[in-house]
Amino acid sequence: MNHKESRIYGNKADLDYAKIKSFFEKRKEKIGYLQPLNLTMYQDKNPELAIQRDIFEKNRFFELINFQNKKLKILDIGCGVGRWGFHLSEFAEIYLGFDYSTTFIDIAKQKAEEENLTNLKFQILSATSFQIDELFEKPPFDLAIIAGVMAYLNDVDCIELLKKVEILLSNNGIFYLREPIGIERRLTLSDFYSDEMETEYSAVYRTIDEYLVLIDESKILQNMKLTKNEALFPSELNNRKETAQHIFVFEKVSK
Ligand SMILES: C[S@@+](CC[C@H](N)C(=O)[O-])C[C@H]1O[C@@H](n2cnc3c(N)ncnc32)[C@H](O)[C@@H]1O
């Protein structure tokens, strides 16, 4: 595939899941050279940017989500090295993070053990095929997080995942969804060589409107309301012209 074909604009192109999984497997080659945070937040040649983004997102998250002094049951889908678990441990009755990468889950488990955070649980599962009754913690959850995972899923799997999130949440439960988006148009990277990460990379940057269509098609808005739909980073933390990070927050409406 030549350079041009590996950046696909507009038209929908399916992602190759095997290639994406192998990209995440290969991130373990960077252990030791990069901080665990950079394994999933990238910026291999400017690791400090990932740290700044992590702090910014954490602060924004706490501005958006009111914990009301209640300890929560939290589910983090595609949790990577568990960064949300460590940010939220003091607010969690139980936090369950799952990811299909054994490497990332092992890193997360080891850190939780070292820090004696017994309320953090991690599990190896796929976001596209997990069954609700396989989860180590039983629903309902008060808070569900998906951060930077739908960019690796095809539309049909995003819709199925949204439906599952709605089922998994308690009444008044909150769903924080943060994804990279295409600013003006959809962009699919298909085995695109990333100079930053020195490897091929695949992901889809949907537009905000395309995310809204997926949300609509999932029908979750029958039981949930969209309370926030906004950009995450100020321009100084965004280093791309065509893409940006975007937040959607939902609340399950009590019946
Ligand atoms: C960009 S990282 C984000 C990690 C974490 N959510 C965070 O905010 O730090 C994307 C994560 O999604 C995971 N992932 C991608 N596709 C997945 C799938 N189908 N099932 C489970 N995990 C997946 C990757 O292994 C990786 O840990």
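Q43 counts as partly exposed, because 18 C-beta neighbours sit inside 10 Å, which falls between the cut-offs of 20 or more for buried and 12 or fewer for exposed. This is a predicted model, and in it Q43 belongs to the loop between α2 (36-41) and α3 (47-64). Phi of Q43 is near 55°, a positive value in a residue that isn't a glycine. Here's the rest of the tour, topic by topic.

**Backbone oddities**

- N116 also breaks from glycine-free habit: phi is positive, about 55°, although N116 is not a glycine.
- You'll find N116 in the loop between α5 (102-114) and β4.
- N116 is exposed, because 6 other C-beta atoms lie within 10 Å, and 12 or fewer is the cut-off for that label.
- P139 and P140 are joined by a cis peptide bond, with omega at about 10°.
- As for P140, look in the loop between β4 (120-124) and β5.

**Overall build**

- The protein chain has seven helices and ten strands.
- What radius of gyration does the protein chain have, and does it fit or clash with a compact globule of 255 residues? The chain has 17 Å, which agrees with the value near 18 Å for such a globule.
- Along the principal axes, the C-alpha atoms of the protein chain fill a box of roughly 50 × 40 × 35 Å.
- Of the 255 residues in the protein chain, 33% are buried.
- Take the contacts in the protein chain between residues at least 6 apart in sequence: 69% of them join residues at least 24 apart.

**Strands β2 and β3**

- Strand β2 (residues 72-77) pairs with β3 in the parallel sense, over six bridges.
- Two of the matches are easy to pick out: L75 stands opposite L96 in β3, and I74 has Y95 as its bridge partner there.
- Why is β2 largely enclosed by the rest of the structure? Six of its six residues are buried.
- L72, I74 and D76 point one way from β2, while K73, L75 and I77 point the other way, and all are buried.
- Strand β3 (residues 92-99) is mostly covered too, with six of its eight residues buried.

**The nonpolar core**

- In soluble globular proteins, nonpolar side chains tend to be buried together.
- The largest nonpolar core here holds 54 residues.
- Which of those 54 touch the most other members? They are I74, A108, A144, I145, I146, V149 and F175.
- A144 touches L75, I77, V165, L168, L169, G173 and F175, leaving out residues up to four places away in sequence.
- L75 and I77, both on that contact list, are buried residues that point the same way from β2.

**Around the ligand**

- There are 17 residues around the ligand, and G78, G80, A127, A147 and G148 come nearest.
- By type, the shell around the ligand divides into eight nonpolar, seven polar and two charged residues.

**L153, on the inside**

- L153 is found in the loop between β5 (141-147) and α6 (155-168).
- Is L153 buried or exposed? L153 is buried, because 23 other C-beta atoms lie within 10 Å, and 20 or more is enough for that label.
- Setting aside neighbours within four places in sequence, L153 is in contact with A127, T128, C158 and L161.
- One of those contacts, A127, is also among the residues that come nearest to the ligand.
- L153 and A203 are 50 residues apart in sequence, but 8.0 Å apart in space, C-alpha to C-alpha.

**N172, on the outside**

- N172 lies in strand β6 (residues 169-182).
- With 11 C-beta neighbours inside 10 Å, N172 counts as exposed.
- Apart from neighbours within four places in sequence, N172 is in contact with E251, K252 and S254.
- N172 and I74 are 98 residues apart in sequence and 13 Å apart in space, C-alpha to C-alpha.

Key: Residues numbered from 1 in each chain as written. Predicted model: local features only at pLDDT ≥ 70, side-chain atom pairs only at ≥ 80, totals over all residues. Core = buried A, V, L, I, M, F, W, Y, C linked by C-beta atoms within 7 Å. Contact = placed C-beta atoms within 7 Å. Near = placed C-beta within 6 Å. Nonpolar A, V, L, I, M, F, W, Y, C, P; charged D, E, K, R; others polar. Helix = DSSP H or I, 4+ residues; strand = E, 2+ residues; numbered from the N terminus. Rg over C-alpha atoms; globule rule 2.2 N^0.38 Å. Pairing = 2+ DSSP bridges.
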